[in-house]
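Reader: Please take me through one part of this model closely. I would like the sheet, what packs on it, and the charged pairs around it.

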Amino acid sequence: MLRTVNRVVLGLAGLALLVLGGSVLAVGLGVSPPSWWIHDGRHDVLVSAADRARRRDDGWFWPTVIGGLAVTVLLALWWLSAQLRRRRLTEVLVETGDGEGALLRGRAMENVLTGEAETLEGVERAQVVLTGRRSTPQARVELVLEPHATPSDALHRLSAEALAHARDSAGLASLPATVRLRGVKHRAERVS
């Protein structure tokens, strides 16, 4: 959902900026603007000296404008940092017992967990993503269950088999997991 919202917001913001910037560039290059447009001509400014002087007596106006722009910039920077932050774990620190450690690729562990989860009875498809820190990883698991599978059995097998094997083989104290269960769509059975 977040990915879709990001794409829609980015697309709309990009389109608005493209239209606004393109029209300002066109007016700057000499194209005559329509009568309702915010710029009258090539040498027009967005806020005229008369508009600035009229707002000078209002002591709240310019601090409010600057504060609003500052909040907008901070929100944009927060959003950008949230987009650049890695959500997927690239390495898992495996304790070797000799005071040293080995690094296991996160994708390799995800693939093994996915393969083992898909072999469980009642599971049609699985997807695993590792998050967290490399010394304390967490798993996000999505299981698509077959039509006649029992969700509690599939969840128990996942935690007792696949997650336990991954935890033990990586030498982790714990491997917390968030599991999302979905049923596969199927046609209704005919009852006679």
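Author: This is a predicted model. Start with the sheet. Three strands form an open sheet in the order β3-β4-β5, and the pairing is mixed. The edges belong to β3 (123–132) and β5 (177–183). Each has a single partner strand, so one side of each is left without a neighbour in the sheet. On average, neighbouring strands are turned by 15° against each other, direction ignored.

Now the pairing of β3. Strand β4 covers residues 137–145. Nine bridges join β3 to β4, and the two run antiparallel. One position to look up is R125, whose bridge partner in β4 is V144. As general background, strands of a sheet pair through backbone hydrogen bonds, either parallel or antiparallel.

Next, the helices on the sheet. Helix α4, residues 106–118, lies across β3 and β4. α4 runs at about 155° to β3. Helix α5, residues 151–170, packs on the sheet as well. α5 touches β3, β4 and β5. The direction of α5 makes about 140° with that of β4.

Look at α4 in more detail. The helix has 13 residues. From first C-alpha to last, α4 reaches 18 Å, close to the 18 Å expected at 1.5 Å a residue. Its buried residues are G106, M109, E110, L113, T114 and A117. Seen down the axis of α4, these fall within an arc of 135°, so they line one face of the helix. What covers them? The cover includes β1, β2 (101–105), β3, β4 and α5. The face turned away from the buried side carries N111 and V112, which are exposed.

Now the charged pairs. A search of the whole structure finds six salt bridges. Three of them are worth following here.

The first pair is R134 with E91. Their closest N and O atoms are 3.3 Å apart. R134 lies in the loop between β3 and β4, while E91 lies in strand β1 (residues 91–95). The pair therefore ties together parts that are 43 residues apart in sequence. How accessible are the two partners? R134 is partly exposed, with a relative accessible area of 40%. E91 is also partly exposed, at 31% relative accessibility.

The second pair is E121 with R157. Here the closest N and O atoms are 3.7 Å apart. E121 sits in the loop between α4 and β3, and R157 sits in helix α5. This salt bridge links distant parts of the chain, 36 residues apart. E121 is exposed, with a relative accessible area of 59%. R157 is partly exposed, with a relative accessible area of 26%.

The third pair is R180 with E142. The closest N and O atoms are 3.7 Å apart. R180 lies in strand β5 and E142 in strand β4, so the pair ties together parts that are 38 residues apart in sequence. This pair belongs to a network of salt bridges that links E142, R180 and R182.

To retrace the route: begin at the sheet, β3-β4-β5. Move to α4, which lies across β3 and β4. Then go to α5, which touches β3, β4 and β5. From α5, R157 leads to E121 in the loop between α4 and β3. From the loop between β3 and β4, R134 leads to E91 in β1. Finish at the network of E142, R180 and R182.

Definitions and conventions. Residues are numbered from 1 along each chain as its sequence is written. This is a predicted model: local features need pLDDT of at least 70, side-chain atom pairs count only at pLDDT 80 or more; totals for chains, interfaces and linings use all residues. Side-chain values use heavy atoms; hydrogens and water are left out. Two strands pair if DSSP finds at least two bridges between them. Helices (H or I, at least four residues) and strands (E, at least two) are DSSP runs, numbered from the N terminus. Axes are lines fitted to C-alpha atoms, for helices over the stretch in contact, and angles run from 0 to 180 degrees between N-to-C directions. Contact means heavy atoms within 4.5 Å. A salt bridge is a side-chain nitrogen of Lys or Arg within 4 Å of a carboxyl oxygen of Asp or Glu. Buried means under 20% relative accessible area, exposed over 50%, partly exposed in between (1.4 Å probe, protein chains only). The expected span of a helix is 1.5 Å times one less than its number of residues. The arc is that of the directions from the helix axis to the C-beta atoms.
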